[in-house]
Amino acid sequence: MPPETPIPPTSRKMLWCGRVMSAVPVLMLVMSGVMKLARPSRSSTGFVHFGFPLGMIAGLGVLEILCTVVYLIPRTSILGAILVTGYLGGATVTTLRMGESAYVMAVILGILAWGGLT
């Protein structure tokens, strides 16, 4: 078996750039998940507007927070990025189905989540 080549260390600038890029989607997803769990009237109204029953709001909030936590753990960050991308893909399809332009934010968050992996 050939010897493994060592992974070069990440520079401090790249490390902090990745952390900042990851912080944006993490903060947005955690805030969104907490809002789903808190169920303010605006969140519930938007949820019904997109055609989802209110009984699903808590489950989606927990799912959103769990995907974000998996993304934050360094050993599972790639799996977390896949899960976050899948969640944001669902948000993108939902907004596109309703004919709204808010899908751009979900796409940007997905790009930042992958770009922030270091």
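**View 1. Helices α1 and α3 run roughly antiparallel to each other in this predicted model.** Here α1 covers residues 12–38 and α3 covers residues 57–72. Their axes sit 8 Å apart and make an angle of about 155 degrees; angles over 145 degrees count as roughly antiparallel, so that is the label this pair gets. The crossing of α1 and α3 is left-handed.

**View 2. A look into the contact of α1 with α3.** On the α1 side, look for Ser22, Val26, Leu29, Val30, Ser32, Gly33, Val34, Lys36 and Leu37. Facing them from α3 are Ile57, Ala58, Leu60, Gly61, Val62, Glu64, Ile65, Thr68, Tyr71 and Leu72. Sorted by type, the residues of this contact come out as twelve nonpolar, five polar and two charged.

**View 3. Glu64, a buried residue of helix α3.** How buried is Glu64? Its relative accessible area is 2%, and anything under 20% counts as buried. The Glu64 side chain has a polar contact with the side chain of Ser32, at 3.0 Å. Leaving aside residues up to four places away in sequence, Glu64 touches Leu29, Ser32, Gly33, Lys36 and Tyr87. Leu29, Ser32, Gly33 and Lys36 belong to α1, while Tyr87 belongs to α4, so this buried side chain can be followed from one helix contact into another.

**View 4. Ser22, over in helix α1.** Ser22 also counts as buried, with a relative accessibility of 12%. Which residues does Ser22 touch, not counting those up to four places away in sequence? They are Tyr71, Leu112, Gly116 and Leu117. Tyr71 is part of α3, and Leu112 is part of α5. Ser22 itself turns up in the contact of α1 with α3 and again in the contact of α1 with α5.

**View 5. Helix α3 against helix α4.** Helix α4 takes in residues 77–97. The two axes come within 7 Å and cross at roughly 150 degrees, and the crossing is left-handed. From α3, the residues to pick out are Leu60, Leu63, Glu64, Cys67, Thr68, Val70 and Tyr71. They meet Ser77, Leu79, Gly80, Ala81, Leu83, Val84 and Tyr87 in α4. That makes ten nonpolar residues, three polar and one charged.

**View 6. Helices α1 and α5 are oblique to each other.** Helix α5 spans residues 103–115. Its axis and that of α1 come within 7 Å and cross at roughly 135 degrees, which is why the pair is called oblique. The crossing of α1 and α5 is left-handed. Met21, Ser22, Val24, Pro25 and Met28 are the α1 residues here, and they meet Met105, Leu109, Leu112, Ala113 and Gly115 in α5. By type, this contact has eight nonpolar residues, two polar and no charged.

**View 7. Stepping back to the whole protein.** The secondary structure is five helices and zero strands, so from the N terminus the elements simply read α-α-α-α-α. The C-alpha trace spans about 55 × 30 × 25 Å along its principal axes. Of the 118 residues, 27% count as buried, Glu64 and Ser22 among them. Among contacts with a separation of 6 or more, 60% come from residues 24 or more positions apart.

Terms used. Residues numbered from 1 in each chain as written. Predicted model: local features only at pLDDT ≥ 70, side-chain atom pairs only at ≥ 80, totals over all residues. Heavy atoms only, no water. Axes fitted to C-alpha atoms, helices over the stretch in contact; angles between N-to-C directions. Helix = DSSP H or I, 4+ residues; strand = E, 2+ residues; numbered from the N terminus. Parallel < 35°, antiparallel > 145°, perpendicular 65-115°, else oblique. Left-handed = near helix turned anticlockwise from the far one by under 90°. Contact = heavy atoms within 4.5 Å. Nonpolar A, V, L, I, M, F, W, Y, C, P; charged D, E, K, R; others polar. Buried < 20%, exposed > 50% of the residue type's maximum accessible area, 1.4 Å probe, protein only. Polar contact = N/O pair within 3.5 Å; in protein donor to acceptor, adjacent residues only side chain to side chain.
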